[in-house]
Amino acid sequence: MEKIRLAVIFGGRACEHDVSIVSALQCMDAVNAEEYEVIPVYIARDGAWYTGAPLRKLETLRKFDPGMAGVTRVYPDVTAGSGALLAVEKKKGLFGGGDELTVAARIDVAMPVLHGMNGEDGTVQGLLELMNVPYTSAGLVGSSVGMDKIAMKQLFRGCGFPIIDYVWLTRDEWEQDAVSVVRRVEENLRYPVYVKPANLGSSIGITRAKDAKALGKAIEVALSYDRRVIVETGIENPVEVNCSVLGFDKDVTPSVCEMPT
């Protein structure tokens with residue numbers, strides 16, 4: 001039986017680049033090699049895409065060299081159904097000169113293992129939709145809303161779900177009148193509060209603030225990662241519950257709920 005060509009997309013321009021690498025290497029090692037041909041697709045910190053067998057090794061990625069043997073820079077072909085990762089090669093021969101496009105690899109399905117902006121937020125999902133390549137994880141809208149804490153809060157509130165009280169702000173608001181922003185937070189929330197970049201994960205840029213001075217510093221930290229920030233009321237003894245869902249429409253299967261310790 002012909003193997004399914006699975007592209008594992010990882011790395012990316014986000015500050016969670018290294019976390020993505022670790023996750024992707026674990027995923028690739030866990031894939032059933034009898035059913036899938038794993039094609040590593042690494043997005044470097046500058047946004048360039050690469051593929052090649054050496055990208056399955058941590059040593060390659062510690063000090064990534066785009067010119068190393070076995071690694072090819074590629075460009076996804078957005079033609080629907082192509083599934084091609086294109087490479088640019090120098091023409092050979094007596095007259096040489098010029099470049100030509102070649103197919104470095106073709107993919108049937110994709111597994112985005114990207115953390116944070118430019119990957120986990122619906123951007124890569126949208127690209128894969130254009131390519132008509134099936135992929136794991138939530139779709140474009142679900143990924144976008146799930147990553148944007150402000151949009152997620154507003155959606156949950158609109159659906160009638162209970163949510164923690166929050167205030168959100170922009171970098172422009174803070175730079176124009178920081179005193180008014182602090183006042184608005186204190187009028188609507190009680191200390192301690194948690195300050196978070198609107199679009200980020202892995203607890204990066206999140207700070208607990210117990211007074212106005214700490215709040216100001218926390219907002220500065222969060223704004224260094226994103227132009228929009230959310231401030232939430234702190235709660236005592238929170239309980240974390242993890243649950244995955246697989247499927248579409250009415251054919252949906254939830255996992256067993258997990259409470260990490």
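**Exercise 1. Charges and overall picture**

How many positive and how many negative side chains does the protein have, and how far apart do the centres of the two sets lie?

*Solution.* Keep in mind that this is a predicted model.
- Step 1: Count the charges. There are 28 positive and 35 negative side chains.
- Step 2: Compare the centres of the two sets. They lie 4 Å apart.
- Step 3: Add the frame. The C-alpha atoms fill a box of roughly 75 × 45 × 35 Å along the principal axes, and the accessible surface comes to about 15,500 Å², with 53% of that belonging to carbon and sulfur atoms.
- Step 4: Look inside. Of the 261 residues, 39% count as buried.

**Exercise 2. A sheet of four strands**

Work out the strand order of the open four-stranded sheet, and find which strands stand at its edges.

*Solution.*
- Step 1: Place the sheet in its setting. The protein has eight helices and 13 strands.
- Step 2: Read the order. The four strands run 8-11-9-10, and their pairing is antiparallel.
- Step 3: Find the edges. Strand 8 (166-170) and strand 10 (207-209) each have a single partner strand, so one side of each is left without a neighbour in the sheet.
- Step 4: Follow the twist, which averages 25° from one strand to the next.
- Step 5: Zoom in on one pair. Strand 9 (residues 193-197) joins strand 10 over three bridges in the antiparallel sense, and V195 has T207 of strand 10 as its bridge partner.

**Exercise 3. Helices across the sheet**

Which strands do helix 5 and helix 8 lie across?

*Solution.*
- Step 1: Take helix 5 (residues 149-158). Strands 8, 9 and 11 (228-233) lie along its path, and the helix runs at about 50° to strand 11.
- Step 2: Take helix 8 (residues 212-223). This helix lies across strand 8, strand 9, strand 10 and strand 11, at about 20° to strand 9.

**Exercise 4. Following V185**

Decide whether V185 is buried or exposed, and name residues that it touches.

*Solution.*
- Step 1: Locate V185 in helix 7 (residues 178-188).
- Step 2: Apply the cut-off. Buried means under 20% relative accessible area; V185 has 1%, so V185 is buried.
- Step 3: List contacts. Leaving out residues up to four places away in sequence, V185 touches V167, L215 and V231.
- Step 4: Link these to the elements above. V167 falls within strand 8 (166-170), L215 within helix 8 (residues 212-223), and V231 within strand 11 (228-233).

**Exercise 5. Another set of strands**

How many bridges join strand 5 to strand 4, and how many join strand 5 to strand 6?

*Solution.*
- Step 1: Strand 4 (residues 72-76) and strand 5 (residues 84-90) share two bridges, in the antiparallel sense. Here P76 has L85 as its bridge partner.
- Step 2: Strand 5 and strand 6 (residues 99-106) are also antiparallel, over seven bridges. In this pair, L86 stands opposite V103.

**Exercise 6. Backbone exceptions**

Find a cis peptide bond and two residues other than glycine with positive phi.

*Solution.*
- Step 1: Recall the background. Most residues other than glycine have a negative phi, and most peptide bonds are trans.
- Step 2: The bond from Y191 to P192 is cis, with omega near 0°. P192 sits in the loop between helix 7 and strand 9.
- Step 3: S137 has a phi near 80°. This residue lies in the loop between helix 3 (123-131) and helix 4 (140-147), and S137 is partly exposed at 49% relative accessible area.
- Step 4: N237 has a phi of about 50°. Its loop runs between strand 11 and strand 12 (245-248), and at 71% relative accessibility N237 counts as exposed.

Note on methods. Residues numbered from 1 in each chain as written. Predicted model: local features only at pLDDT ≥ 70, side-chain atom pairs only at ≥ 80, totals over all residues. Heavy atoms only, no water. Pairing = 2+ DSSP bridges. Axes fitted to C-alpha atoms, helices over the stretch in contact; angles between N-to-C directions. Contact = heavy atoms within 4.5 Å. Buried < 20%, exposed > 50% of the residue type's maximum accessible area, 1.4 Å probe, protein only. Areas by Shrake-Rupley, 256 points an atom, 1.4 Å probe, with all protein chains shown as cover. Lys, Arg positive; Asp, Glu negative; His and termini not counted. Charge placed at Lys NZ, Arg CZ, Asp CG, Glu CD.
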